[in-house]
Every structure is written in structure tokens, then in C-alpha cells.
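User: Hi! I am new to reading structures, and I would like to know how the labels people use are justified. Could you go through them with me?

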Amino acid sequence: MSLALTICGLSKTYPNGVRALSNVSLSIPTGMFGLLGPNGAGKSTLMRTLATLQDADAGSAHIRANGSDGSGAPAGDLDVLREKAAVRRILGYLPQDFGVYPKVSAEDMLDHLARLKGIVPRSVRRDVVAGLLRQTNLYDVRKKALGGFSGGMRQRFGIAQALIGNPRLVIVDEPTAGLDPEERVRFHNLLAEIGENVIVILSTHIVSDVSDLCAEMAIIDKGRVLLTGRPLELTRRLDGRVFQKVIARSDLAAARAAWPVISTRLVAGRTLVNVVSDAPLAEGFVAVAPTLEDVYFAAIAGRLDVAERALEPA
Ligand code: ADP
């Protein structure tokens, strides 16, 4: 069975006047979907709405299932914004601000959460909890109080609790923020192992989370969807259109004024500027192979017109 989540025209303005979502439409297939955007883009608002924790002002979201796998999961159509109880039965959610009870052990907490999810027989629960602890590599520390967990262990525990009851829709909101590189790799491996027949939405501001893991993605900023597609195809659209140059730090403002700069970064104490342009640039620029980071920064900088022209027939 395959699932698809279709979001249509979702909008949300908070009482303070912030328009967090503006006519958001997305088609999210089975597999790992990356929702990439800077802080304040509206990612958490969208995640919380899909997780039935808050209401949108307008728009719709439906999960459609094709065929049946005999798992008891709903076939047909689920109205995500209205059929909240049914959505919660198939949902696994790791919120951005995932708090834990510091004095409770990982095993006891998972057991408690599994009971809340309706896994009543004790022996079944014991097996489910042990399986999740092994899957997230927390079995050896299962008796340890959650308050003593490192950031990486805590996020793996967060995935363990999200996977209770074999969810079909898994939402993880900024799960790798604050993890060190080793923990991030470990967490990526864990996410990559989640079942094939599941929709996983990974919200993040970290480009490598998406390039490492996601077959499909969207970039959002200021509540709007800027771009959707497959990371490799989106990157290919910028082929031959990204140019790079080393400049002095003191020349940064002049460079921004002179060229369509999408990003700057320091490498070994030198300032590298990346520029997107239809035509090759002189003045010391060299063409570089585009990366998903270039796509992201071009989108945020409002320079997607260059990628779009790449698609037009010559
Ligand atoms: P992201 O997850 O991409 O960082 P959010 O969805 O958290 O974005 O926030 C989008 C915008 O909505 C931001 O400007 C944020 O300050 C605002 N916002 C988020 N939650 C609330 C709220 N409960 N009340 C008012 N404004 C909010």
C-alpha cells in the first residue's frame, strides 16, 4: 500500500498578525520528505497543523491510501484537519521542543506512552518497547533516567516514542538542531531505517539533512512554498550557473552590490562568495558544480528565476 499526503491552500495567521502560512500546497508521497526553510519560515506551524495540534484558517490536507496491506491502516481518504482522532492513530510526532520527564527511565516512559497509544496487554507492550529501544540503540541505557541523556540520546528516544504503534505518518520537527556531527549521522541512519511504506516529513533548516536523506523536498520561507522537487533534479537545474570567487572580507558589501550573491562563507579564513548567473562572469569568478545549498540560498535570495530559465527551451 502506498500513501500520499496532499496539502491544499493552507493558511494561518496568528492572533498577533504574523502570517505563518500563506496558501501552502504540497504533494507528499510515501518516503522521506524534507521541508527546508530558515527559522521563522513556518515549518513548525505546518508540522503542528498536520499533527492535529492546531487549526489552520483555510485550506485542506488529505491522506490517500492506495490498496491495502492488511495492517488495519485506513484505506481511502483521511481528512487530516477534521478527522483528528483517526489521524492521531496513524501519527508519530517528534515535536521541536520535545520535553521529557527527567526522573523517569527510557523504558518506563516508553511503556507508559505505549499504554496511552492503546497497546494494552503487558507482554505485547514489553516486546514493543524492547524493539524500539533496540532500534534506536538505547537498549543498554533503558534503565537510565531521561534527564541524564545526551542531546543525541534524547532525540533517539524522541524517535522511539514517535514510532510506537507503527505510525504511517511520521513528523519530525527540526530533530538534528543542536546535535554534534557524529550524533547527526547516527540520527540520519535511524531515520533512513524507518519503514518503506510510511510518509516521513522531516522539517529542518540544515541542508545536509535533506541532501542526505530525502527523495523529495520543498523549500519554504515566510510561510510560502518557494520550490518543490527532487534534490538532485533541483540541483541540476543550476548546472553551469553557479560561480565562485574568493574576496577580501572588507569587500563583502561591494560584492553584494555588484553581483547576484546568494551566499558567502568563510573557508580557512578567506571569504568565498557564490553567485548565480545565466552568463559566465568575468572578474575572477570560476564556475563550480552546484550543490543543494546553492539551490537553497538561491531560493531564499529570490534568485530562482535563474533555475527556472534553465528549464525553458532555448
Ligand atoms: P519555523 O518552525 O520555520 O521556525 P514557525 O512555524 O515556528 O517557523 O514560525 C513561523 C512564524 O510564526 C514566525 O514568525 C513565528 O514567530 C510566528 N509564530 C509561531 N508560533 C506563534 C504563536 N503561537 N503565536 C504567534 N506567532 C507565532
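**Pockets, ligand and domains**

Analyst: Happy to! The largest pocket holds about 490 Å³ of space. Closest to its centre are Tyr93, Pro95, Phe98, Leu113 and Gln161, which belong to a lining of 21 residues. Please keep in mind that this is a predicted model.

User: What makes a residue part of the lining of the largest pocket?

Analyst: A lining residue has an atom within 4 Å of a point of the pocket. For the largest pocket, 21 residues line the space. Helix H3 (106–116) is one of the elements that supply at least two of them, along with strand E6 (91–94) and helix H5 (151–162). H3 gives the most, with four residues.

User: How are the residues of that lining divided by class?

Analyst: The lining of the largest pocket has 14 nonpolar, five polar and two charged residues. Tyr and Pro count as nonpolar, and so do Phe and Leu, so Tyr93, Pro95, Phe98 and Leu113, which are among the residues closest to the centre, belong to the nonpolar class.

User: From which domains does the lining of the largest pocket draw at least three residues each?

Analyst: From domain 1 (1–90 + 167–229) and domain 2 (99–166). The second largest pocket, with about 270 Å³ of space, also draws at least three lining residues from each of domain 1 and domain 2. Helix H4 (residues 122–135) gives the most to that lining, with three residues.

User: Why does the 2.6 Å between the ligand and threonine 45 count as a polar contact?

Analyst: Let's set the value against the cut-off. A polar contact is a pair of N or O atoms within 3.5 Å. An oxygen atom of the ligand lies 2.6 Å from an N or O atom in the side chain of threonine 45, so this pair is a polar contact. The protein covers 65% of the 560 Å² of accessible area that the ligand has on its own.

User: Which backbone atoms have an oxygen atom of the ligand at 2.9 Å or 2.8 Å?

Analyst: A polar backbone atom of lysine 43 is at 2.9 Å, and one of serine 44 is at 2.8 Å.

User: Which helix gives the largest share of the shell around the ligand?

Analyst: Helix H1 (residues 43–50), with four residues. Around the ligand there are 13 residues, and Gly40, Gly42, Lys43, Ser44 and Thr45 come nearest. By class, the shell has five nonpolar, six polar and two charged residues.

Notes: Residues are numbered from 1 along each chain as its sequence is written. This is a predicted model: local features need pLDDT of at least 70, side-chain atom pairs count only at pLDDT 80 or more; totals for chains, interfaces and linings use all residues. Side-chain values use heavy atoms; hydrogens and water are left out. A residue is near a molecule or strand if one of its heavy atoms lies within 4 Å of it. A polar contact is a pair of N or O atoms within 3.5 Å; within protein, one must be able to donate a hydrogen and the other to accept it, and residues adjacent in sequence count only if both atoms are side-chain atoms. Accessible areas come from the Shrake-Rupley method with a 1.4 Å probe; for residues, only the protein chains shown count as cover. Helices (H or I, at least four residues) and strands (E, at least two) are DSSP runs, numbered from the N terminus. On a 1 Å grid over the protein atoms alone, a cavity is a set of points where a 1.4 Å probe fits but cannot get out, and a pocket is an open set with protein on both sides within 12 Å along at least five of seven lines; lining residues have an atom within 4 Å of a point. Grid points are joined across faces, edges and corners, and a volume is the space filled by probe spheres set on the points. Domain bounds come from an automatic or database domain assignment.
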